[in-house]
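Reader: I should like to learn how the contact between two protein chains is read. May we work through an example?

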Protein chains: 4
Amino acid sequence: MQKYQKELDDWMKSQKWEYWTPHEITVRLMEETGEFARLVNHIWGPKKKKATEAEQNLEDEIGDILYTLICFANSNDLDLDRAIEKSMAKVIKRDKNRY
Amino acid sequence: MQKYQKELDDWMKSQKWEYWTPHEITVRLMEETGEFARLVNHIWGPKKKKATEAEQNLEDEIGDILYTLICFANSNDLDLDRAIEKSMAKVIKRDKNRY
Amino acid sequence: MQKYQKELDDWMKSQKWEYWTPHEITVRLMEETGEFARLVNHIWGPKKKKATEAEQNLEDEIGDILYTLICFANSNDLDLDRAIEKSMAKVIKRDKNRY
Amino acid sequence: MQKYQKELDDWMKSQKWEYWTPHEITVRLMEETGEFARLVNHIWGPKKKKATEAEQNLEDEIGDILYTLICFANSNDLDLDRAIEKSMAKVIKRDKNRY
């Protein structure tokens, strides 16, 4: 993830853009996970898929969630590789029935 | 992300575990983003932080979200690197005021 | 809420419709809260509002969330009036700094 | 809902409390829906329920979501009865396969 974090950060700086506030990015995360949820119900659930939504796909929606998390991480000095490694280590040790 | 996806998948196979269903992982994602949201309000918002929650931190919560997304990606054959690259390319072109 | 719960339930029965599963309704709730979040960032946040989204409004989005909760409550025999009363009582006693 | 909206508003005024900002309440909504999601996976999903969480129940979690929505509605002059009525009318007409 370091590569992506740096790539975005360099771009932000080159454009002199500022990251949103933590609350704004969090609300954005809620929106993006909501779009992901809609697609899950479309594909595996009871709701009929609308034509206009056909071109979207799961990978795009997950990409938007990941992008939002990268923004949050960059604006708060978080290391996403370390984050993943900690969560993976924790899960593998702690909970043999997870996923 | 490929490294993490493969690492988890190898582990799952070695343990003969199965991934959850798409709906179950999505509901899990909702839980994990909710824990992240709680922490955001604790740190930047109006709600007083409880002692028992002090040890948690943002990186851990983001790690759990990322872990959940890796599970979803693995169980549905999604490539998270391609997902991030698409989202980053899209944003940089499309929306000059984002984040 | 009892009035709304009964109204919807009578309608469902008259149409011989069945409620979705708990997981499906929960994923739907995630979608609806995501649409609400998008609007919050549009109105109070940094993201520019698109023309096509102008007609939506907060009340509609909250209505969809409430409708989703009514569906969940009906399909699992929950009493939403009692739910609200418990939460209001709890908050007023427990936490003098909330909201 | 009018009764609950007024009851809370009277209480807030009597205590001279102020509602949180829209972003803060939205992030809170995300937290509360996350707690609800956790319980859904506990009851119907693959995750083993922890003892400490046994006393929680769905009605409590939905109550907290509804309470959060009442706070948002009060602080932004929304009428939740009208919101529900609009959503119910829309659904019944628009989508014969919903829920």
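Author: The following turns treat the interface, then one helix, then one residue. This is a predicted model, in which local features need pLDDT of at least 70, side-chain atom pairs count only at pLDDT 80 or more, and totals for chains, interfaces and linings use all residues. Residues are numbered from 1 along each chain as its sequence is written, chains are lettered from A in the order in which they are written, and side-chain values use heavy atoms, without hydrogens and water.

Reader: What is the area buried between chain A and chain B?

Author: The size of an interface is often given as the accessible area lost when the parts come together. Here that area (1.4 Å probe, summed over both parts) is about 5,600 Å², and carbon and sulfur atoms give 68% of it.

Reader: How many salt bridges are counted between chain A and chain B?

Author: A salt bridge places a side-chain nitrogen of Lys or Arg within 4 Å of a carboxyl oxygen of Asp or Glu. The count between the two chains is 10; R82(B) and E59(A) form a salt bridge at 2.7 Å, N to O. Helix 3 of chain A (helices are DSSP runs of H or I, at least four residues, numbered from the N terminus) gives the most to the side of chain A that touches chain B, with 14 residues.

Reader: Is D64(B) buried or exposed?

Author: D64(B) is buried (under 20% relative accessible area, 1.4 Å probe, protein chains only), because its relative accessible area is 7%. The place of D64(B) is in helix 3 of chain B, residues 58-75.

Key:
Helices (H or I, at least four residues) and strands (E, at least two) are DSSP runs, numbered from the N terminus. Buried means under 20% relative accessible area, exposed over 50%, partly exposed in between (1.4 Å probe, protein chains only). Buried area is the accessible area (1.4 Å probe) that two parts lose on being put together, summed over both.
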